[in-house]
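Got your viewer open? Load the model and keep the selection panel handy; we'll hop from one stop to the next.

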Amino acid sequence: MRTYHFFWILFWVSHPYQSSSTPLSKRTSGFPENPKVLDLSRNNINVLNRAKRSWMWNQFFLLEEYTGSDYQYVGKLHSDQDKGDGSLKYILSGDGAGDLFIINENTGDIQATRRLDREEKPVYILRAQAINKRTGRPVEPESEFVIKIHDINDNEPLFTKDIYNASVPEMSDVGTFVVQVTATDADDPTYGNSARVVYSILQGQPYFSVESESGIIKTALLNMDRENREQYQVVIQAKDMGGQMGGLSGTTTVNITLTDVNDNPPRFPQSAYQFKVPESAPLDSAVGRIKASDADVGQNAEMEYSIIEGDSLEMFGVITDKETQEGIVTVKKALDFEKKRQFTLKVEASNPHVDPRFLYLGPFKDTTTVRIQVEDVDEPPVFSRPAYILEVKEDVQINAVIGTVTARDPDSAKNPIKYSVDRHTDMDRIFNIDSGNGSIFTSKLLDRETLLWHNITVIASEINNPKESSRVPVFIKVLDVNDNAPEFPMFYETYVCENARAEQLIQTLSAVDRDDAFGGHKFSFSLAPEVASGSNFTLQDNRDNTAGIYTRRTRYSRHEMNMYLLPVVISDNEYPIQSSTETVTIRVCACDQRGKMLSCNAEALIHPTGLSTGALIAILLCIIILLVTVVLFAALRRQRKKEPLIISKEDIRDNIVSYNDEGGGEEDTQAFDIGTLRNPEAIEDNKLRRDIVPEALFMPRRTPVVRDNTDVRDFISQRLKENDTDPTAPPYDSLATYAYEGNGSVAESLSSLESVTTDGDQDYDYLSDWGPRFKKLADMYGGTDSDKDS
């Protein structure tokens, strides 16, 4: 391949005449010289006049991908100020200056140091300037020039995708658009045919074709069937240089899928189906499933099933399972093996979405026959009614039949039936039933006023198979009879004034009856026969279920009679007639002139000087205050500190406390801790006084352990000192156990029991030296010795 260097020769524009540049020297690149002269005459419209610039150039062109071993020559810069004496130097700046592009500062020759790629950068903008070497000042203003890289075909076409995925409906016409592929070439589209791409198909014929210029892929074969083949792989090639020899190329793969259309009608694989169903099958339960085959998929394979012919069409139905596209035959009405044992149906399957283009392929529906056989099962008894309503009068006798329920075995065996009452619905066992004939009778008396309706459940079960049972509700209404006498709706207590006049109305009476009265109640009132003639009051029946009590005489006295009891007889007009005697209490009261009651208490009139209510309340409050004061005083006295029992230390005999409690002897280990007597090193717990409440609690003192050889005198003195200084010690004589006298004690044991058996005489005079606490003991033992001596 031959590469040419193009460059512009610089012209001096400050002179009125043209001048051409000097011939260029031979280039190292070996390309022939091709100088171009720019016409700068004044008559040319393209003349460029620069009043302040004396040199110029246009642009340089350079081919990409130079493969030579030397630097690639670009062009030459020259200024008219350059006299060839080496006084000027040329400076280059801009894109790649000093690195990619270098300049001979003396001659102005520009060279490229390495291969250039137009696809990386097509244009380089540089700036040049001529400078006086001696003064360092520019002799020309800085000027800008352009280096353009000419393209060569060094890039193959590339597709925008490595793999294309497309789809087209099956059975499409020839030329149906499938997809468009696009390839791009990085070469310069404005220079030659390096970037001109044409498309061709390498794989996929005769099913598909591609347009060479646009890359559009179309169908090329008629009636491609998805059910025969669904996937196709097409390889497309893109080649530059217009597809000519030597052009570069690239390929891509296009995966084409045929989408489904409804071009296959449904077909049943069987002409007839056989199913069995028990007669006890519940409504809407499934009998069996049928399915028509369809080679299509998705929406085109959806089915609709319907029953178009058959006996007893209302007995069965068919629905479509949207997941499996199966037809489900279901029960619509209750089956009875004894009535009909077999059914024959004709079921049709059809596509709801039909494509009119393929109707010529035949009807898009199919039919099949479904035979259903009903199987016999042991059914529970069936009642003649879904519910029973019975009526009975409340005065019916016990064991009287009030109605009958009837049930039968629907099976052909006609097993006998047994009846019973569900006791959860008749907890009081008011009703019973004959287990053989279903007659219901009473077992207790009824009362309509207590309970109007009784709702029970009767169970009918087969004797041979008690598990087969059924239930029926029985509603029993209790009818009313006149068994309740009328009575007052309330307790009547009224009053009559002492100054009442004769024939004065003092009270209006009414009555109620718990029995029903379809025509309305009709009550009559009268005084009891025993008081009708001698009563102080009269009774008048108003004939409207009310009556009035009137005074018979003028003036009544509380002193003579302060209360009257008036018996009234109330009767109804039903059959049988019921009546009752009610009592009206009438008090005699003092009234004012207008008849307003003032007082009904007879004692108030007898003792007019009695206390009023306010005075009685005041007296009661005083009594309560007095009682509270007494209680508080007694409580304060109980809280006072008690006096000690010992008033004087000298008075000992007056403080003997008798507890009247005899111990149980040595065997009584519960009375006291005998271990204290046996172990001299035992530490007693602190014990509080029992005769008075201590004012403060003290921490328990630990008694120091007594040595084994301690003398009894020292031992007792130590204990005495401790008790004298102890604030919790009792200030009176009490039992203090000092059972240990120490080794070698002269007194040995202080027990009086042992002293009786001792033959030797002892001297107890030293007891007088122990203080007033032992004075009594010293007198007792010292006096005895004196008497013995005498």
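Is Leu632 buried or exposed? Select Leu632 and show the surface: this residue is exposed, because its relative accessible area is 53%. (Buried means under 20% relative accessible area, exposed means over 50%, and partly exposed is in between, with a 1.4 Å probe and protein chains only.)

A word on what you're looking at: this is a predicted model, where local features need pLDDT of at least 70 and side-chain atom pairs count only at pLDDT 80 or more, while totals for chains, interfaces and linings use all residues. Numbering runs from 1 along each chain as its sequence is written, and side-chain values use heavy atoms, leaving out hydrogens and water.

**Stop 1: the helix and its patch**

Now extend the selection to residues 613–639, which is helix 2, the home of Leu632. (Helices are DSSP runs of H or I with at least four residues, strands are runs of E with at least two, and both are numbered from the N terminus.) Add Ile617, Leu620, Leu621, Ile624 and Val628 to Leu632, and you have a nonpolar surface patch of about 560 Å². (Patch residues have over 30% relative accessible area and no salt bridge; nonpolar side chains, meaning Val, Leu, Ile, Met, Phe, Trp and Tyr, are joined within 5 Å, and like charges within 9 Å. A salt bridge is a side-chain nitrogen of Lys or Arg within 4 Å of a carboxyl oxygen of Asp or Glu. Areas are Shrake-Rupley values with a 1.4 Å probe, and for residues only the protein chains shown count as cover.)

**Stop 2: strand 9**

Jump to residues 143–150 and show side chains. Ser143, Phe145, Ile147 and Ile149 point to one face and are buried, while Glu144, Val146, Lys148 and His150 point to the other and are not. Next, bring in strand 3 (residues 59–63), which pairs with strand 9 in the parallel sense over five bridges; Leu62 stands opposite Ile149 there. Then add strand 8 (residues 123–132), an antiparallel partner of strand 9 over six bridges, with Ile125 bridged to Val146. (Strands pair if DSSP finds at least two bridges between them.)

**Stop 3: Asn300**

Select Asn300, in the loop between strand 20 (286–290) and strand 21 (304–310). Asn300 is buried, because its relative accessible area is 14%.

**Zoom out**

Finally, colour by secondary structure: the protein has six helices and 42 strands. Buried residues make up 36% of its 790 residues.
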